Amino acid sequence: MSEPVLSVHDVVVDYPGRPPTRAVDGVSFDIHTGEVVGLVGESGCGKSTMARVLTGLLKPNAGTVIYRGEELRPLGLGGRAPDSTGVQMVFQDPGSSLNPRRRIGSQIQDGLDAAKRRLGATDAKDRPQTPQEWLERIGMDPEDAQRYPRSFSGGQRQRIATARALAAAPDVLIGDEPISSLDASTQALIAYVMSTLTIAQGAGMLFISHDLAVVRLIADRLLVMYKGRIVERGPAQKIWADPQHPYTKALLGAIPLPDGAQRMPTVTPPGTSYPLDEIVR
Amino acid sequence: MSGELNIKDLKLDIKTHDEVTPILRGVNLRVEAGTVQGLAGESGSGKTMTGLTVIGLEPATAVTTGEIWLGDTDLLTITGSSLNAIRGQRVGMVFQDPSTSLHPQLSIGSQLTDHMRYHLKISKAQAREKAIAALDRVGITGGSSALSRYPHEYSGGQRQRIAIAIALACDPELVIMDEPTTALDVTVQAGVLALVRDLVDSLGLTVLFITHDLGVMSAIADRVAVMRRGAVVEEGSCEQIFTDPQHDYTRSLLSSLPGSATGPRTRDDLAHLAEIGAGGES
Amino acid sequence: MDIPRRSWTRRLWRKIPREMRMPVGALAFFVALVWVILCIIGPSIVPFDPLAQNLQRFLEPNSVNWFGTDELGRDLYSRVIAGARITISLALMLVVASMLIGSIIGVLAGFFGRWVDEVLMRLTDIVLAFPTVILAMVTAAALGASLFNAVLAALIVSWPPYARVVRSMVLSLREADFVSSGRLLGFSPMKSMRLDIVPNVAGPTLVMASLDIGNAALLLSGLSFLGLGAKPPTPEWGSMISAALSNFDKWWLGLFPGLAISTVVIAFNFIGDALRDAFDPEAVRV
C-alpha cells in the first residue's frame with residue numbers, strides 16, 4: 001500500500017482532574033488516500049477526542065500525528081500555518097457548524113481561499129472553483145449562496161459544511177459524528193454523500209460515529225474503540241458479518257434492527273468489562 | 001388497572017402575537033391496555049407534542065381541540081388540581097434525557113417519595129418501603145442506601161431506570177415514554193428496552209412509546225403509529241408496519257434505513273437512493 | 001441577557017401591572033423621542049438666548065418665561081431645552097465609547113484566554129472594585145473640572161461591565177463548531193474575531209448599550225452637580241440644580257432641570273425594560 005497521508009502513533013490523551021482521566025490510551029492507525037475509515041464506539045470511548053487530536057485542536061499528552069511525512073503542529077493562539085489546512089473536519093451539530101451571521105456562499109469561499117493559499121495558483125484540479133459550483137455539486141441551488149444558514153435543514157447544513165471543508169482541497173476529511181443529529185431517514189444518505197464527495201476529491205476520510213449500521217455501509221475499514229483503545233480493526237464488511245472481539249460482538253448484538261420482528265437486542269449485564277487486547281483482521 | 005387511551009381528532013395550534021401555527025392536525029390513536037403503542041415520526045412530526053398533550057404539559061400558548069380519553073375521563077376537559085391528580089398518578093412520564101429530568105440536588109429517595117406521598121396520601125415510612133420496591137423493580141439495587149444517593153452518582157442508563165421507577169411509583173395506568181433511550185449508548189439502550197418489555201409483561205402496564213428510531217421501535221412496540229406533519233398516516237401491528245407498509249411515507253422512511261427489509265444493504269444501494277433523491281429531504 | 005447594573009428604574013418597572021407595561025413602554029419611547037428631537041433642534045427653537053442675562057432675576061413661571069428666570073436673569077425654559085443637547089449627546093458619546101472600549105477588551109480576553117484574559121480581567125476587576133461615582137469624582141478632580149473631563153472620568157468607570165458581558169459571550173462562542181472550523185481553514189485570530197466572533201456578539205451588546213443611555217445621563221449630570229463637569233454659564237442640568245441649591249426657596253430653579261433629568265433617565269431605562277420583556281418573554285413571568 002502507498003504511504004499513508006495521515007498516521008497516528010501511540011497517541012495518549014489525559015484530561016486534567018484528580019486523578020486525570022485517560023481518554024485515549026495508546027492509539028495508532030493510518031488513513032490512506034481514497035479510503036473511508038470508520039471509527040466507531042460508544043460515548044466516552046475517546047473517538048471525539050481523537051478527532052480533535054487529528055486536526056490539531058488538541059495536543060496529545062504523548063504520541064505523534066504525522067501528516068504528509070511531518071508532525072502535525074497543534075493549533076496555538078496564532079493562526080494555522082497554510083500548509084496544515086489539508087486536514088479538515090465536519091462537526092456534529094448542524095446548528096453550530098456554520099456561522100449564523102454569514103451567507104453560506106462566503107463561508108464556502110473560506111474553504112476555496114484556504115486551498116488557494118496552500119496549493120498556490122498552479123492548482124488546477126477538476127474541483128469546483130466557486131461557491132455556486134460547490135452548491136451544485138452537493139445537490140443544492142447555486143442561488144442559495146446568498147442565503148443564511150437558518151434557511152436550511154440540518155441535513156442541508158451538514159452538506160454545506162462538507163462543501164466548505166472540501167473546498168479547502170483537504171487530503172483528509174474527518175467527520176465527527178456528522179450525522180447523529182439528523183433525522184434517521186437522512187442519516188445514511190448524508191453519510192454516503194459526504195464520503196463519496198471526499199473520495200471523488202482524491203482525499204481520505206475518517207468517519208467517526210456510534211452508529212455501526214450506517215458506518216459499515218460507507219467505510220472500507222473499521223476501527224472499533226473501547227475505553228480509549230482500538231480493540232478490533234479490519235475490513236468493514238468482515239467485522240459486521242463476523243465480529244471477533246467480545247466488545248464488538250456486544251456492540252453489534254445491541255443494535256436493534258428495523259425489521260418488525262419485535263426482537264430484543266442482546267442485553268449485556270451492566271458493568272461488564274471486556275479485554276483491551278486488539279484483534280486485527 | 002385499565003389504561004386504555006383513546007385520542008380522537010386531537011388538534012393543537014400554537015398562537016403567537018399574530019400567527020397561528022398548527023402543530024397537530026387531527027391525531028387519532030387508540031392504545032390498548034397492557035400493550036406498548038409505538039409513536040414514530042421524524043423531527044417536527046408532532047409525536048412529542050402528542051405525548052405532552054396527553055399528560056397536560058403542552059405549552060401555555062397552545063390551543064387544543066378534540067378528546068383524549070383515559071378510561072372514562074376526557075383528559076382535555078380537566079384542569080387545575082384535578083389535572084395534577086392525573087399527572088404522575090394515573091399517567092406517568094419518562095423524558096429523553098435523565099440528566100435533566102432528574103433534579104440534580106435532591107436525593108433519589110425524595111424524588112421518589114415526594115409525589116407518592118402527595119398522590120397516595122401515605123406515610124413517610126410506607127413511601128420509603130414502596131420506593132425501595134420501585135427501585136428494585138427497575139434493577140437499581142442497594143435498598144435504602146440507594147434512596148439517600150443523588151443522580152450524579154449513577155450512570156446514564158441507571159438514571160433512566162430511576163426515572164422509570166419514579167414514573168411507575170404511583171402505579172399509573174399509562175406511562176408515556178418520549179425517546180427514553182435516545183440519549184443512551186446502544187449497549188445500555190438494550191438493557192432499558194428489556195426492562196420496559198419486562199414491566200409491560202409483568203405489570204400489565206400500558207406504554208405510549210415515542211421514538212424516531214425505527215430500530216428501537218421494531219424491538220419494543222406491539223403496535224406502531226407513524227406520524228407526519230401533525231397526523232397519524234399509518235397505524236398497524238409492528239410486523240405489518242415494518243414488513244408490509246401501506247402508506248407511501250412509511251415505505252420511503254423504511255427504504256432509506258439500513259437494516260430494514262427494503263433498506264440499503266451495500267454502498268451501491270445508497271448510491272441508488274441518492275440518485276432517486278430519497279430521504280424525504282428537500 | 002443579564003445586565004450587570006443595579007437599577008432603581010427596574011424595580012419601578014416591575015411594579016407596573018403587566019397589562020400596563022406595553023402602553024408605558026410606548027409612552028417612554030415617545031418621551032425619549034421628544035428629548036432626542038429637542039437635542040437636535042432645541043437651541044434653534046428656544047424663545048430666549050440661554051446665556052443672555054437680560055431679564056429680571058427670580059421671575060416665577062409665567063406666560064412669557066414658562067419656567068421662570070434664574071439668579072442671573074436667564075430664561076430657565078430656554079436653558080433646560082438647550083441643556084438637552086449637552087446632556088443627551090454627551091451621554092450617547094459616553095455610551096458608545098464605553099461600549100467600544102469594553103467590547104475590545106472583552107473580545108480580546110475571551111478569545112485569547114490564558115494570560116491575556118488574566119491581565120485584562122484583573123484590570124476590569126480593579127476598576128469595578130471602586131465605587132463608581134467616587135472613582136469618577138477622583139478622576140475628574142485630578143483632570144480638572146470640564147465637561148470633556150467629566151465624560152473621560154465617566155468613561156473610566158463605565159466600560160468594565162461591557163468587558164465582563166462581552167467576554168462571557170465570547171468564551172462560549174469560542175467553543176462553537178464554526179469558530180473551530182474557521183481556525184482549521186487557517187483563519188488568523190484577527191479574521192476569526194472579525195468574521196466569527198464580533199458579528200455574533202454585536203446584537204446583544206448594542207441592546208445593552210441602548211439600556212445604558214439613561215444611566216450615563218444621570219452619571220454626567222451627577223458629576224456636573226458636584227461641580228466636576230460643566231462650568232458656568234453652560235446650561236447643563238446637573239450644574240443648574242447645583243446652582244438652585246443656594247436659592248432653595250425658589251422652587252422652580254431645581255424642579256425643571258430635575259424633571260428633565262428624571263424623564264430622560266426613566267424614559268430610556270423603561271425602553272430598555274420594555275425591549276427586554278419583548279425579546280425575552282421568560283423574564284416577564286419571573
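A residue counts as buried if 20 or more other C-beta atoms lie within 10 Å of its own. By that rule, 45% of the 286 residues of chain C are buried. The model is predicted.

Start with chain C as a whole. Chain C has 13 helices and zero strands. Read along the sequence, its pattern is therefore an unbroken run of α elements, α-α-α-α-α-α-α-α-α-α-α-α-α. Its C-alpha atoms fill a box of roughly 75 × 50 × 30 Å along the principal axes. Take the contacts in chain C between residues at least 6 apart in sequence: 69% of these join residues at least 24 apart.

Now look inside chain C, at helix 11, residues 237–245. Seven of its nine residues are buried, so helix 11 of chain C is largely enclosed by the rest of the structure. The buried residues are C:Trp237, C:Gly238, C:Ser239, C:Met240, C:Ile241, C:Ser242 and C:Ala244.

Next, turn to helix 8 and helix 9 of chain C. Their axes come within 10 Å and cross at roughly 155°. Angles over 145 degrees count as roughly antiparallel, and helix 8 and helix 9 of chain C are therefore roughly antiparallel to each other. The crossing is right-handed. Helix 8 of chain C brings C:Phe178, C:Val179, C:Gly182 and C:Arg183 to this contact. Helix 9 of chain C meets them with C:Ser192, C:Leu195 and C:Asp196. By class, the residues of this contact are three nonpolar, two polar and two charged. An α-helix has 3.6 residues a turn, so residues three or four places apart point the same way.

The two helices also serve the contact between chain C and chain A. That contact takes 18 residues from chain C and 24 residues from chain A. On the side of chain C, helix 8 (177–184) and helix 9 (189–210) each supply at least two residues. Helix 8 of chain C gives the largest share, seven residues. The side of chain C that touches chain A divides into nine nonpolar, six polar and three charged residues.

Chain A also touches chain B. Here the contact takes 34 residues from chain A and 42 residues from chain B. Three elements of chain A give two or more residues to its side: helix 5 (184–200), helix 6 (212–218) and helix 8 (246–253). Helix 5 of chain A provides the largest share, seven residues. By class, this side of chain A has 21 nonpolar, nine polar and four charged residues.

Definitions and conventions: Residues are numbered from 1 along each chain as its sequence is written. Chains are lettered from A and ligands numbered from 1 in the order in which they are written. This is a predicted model: local features need pLDDT of at least 70, side-chain atom pairs count only at pLDDT 80 or more; totals for chains, interfaces and linings use all residues. Two residues are in contact if their C-beta atoms, placed from the backbone, lie within 7 Å. Helices (H or I, at least four residues) and strands (E, at least two) are DSSP runs, numbered from the N terminus. Ala, Val, Leu, Ile, Met, Phe, Trp, Tyr, Cys and Pro count as nonpolar, Asp, Glu, Lys and Arg as charged, and the others, Gly among them, as polar. A residue is buried if 20 or more other C-beta atoms lie within 10 Å of its own, exposed if 12 or fewer, and partly exposed in between; C-beta atoms are placed from the backbone. Axes are lines fitted to C-alpha atoms, for helices over the stretch in contact, and angles run from 0 to 180 degrees between N-to-C directions. Angles under 35 degrees count as roughly parallel, over 145 as roughly antiparallel, 65 to 115 as roughly perpendicular and the rest as oblique. A crossing is left-handed if the near helix is turned anticlockwise from the far one by less than a right angle, and right-handed if clockwise.
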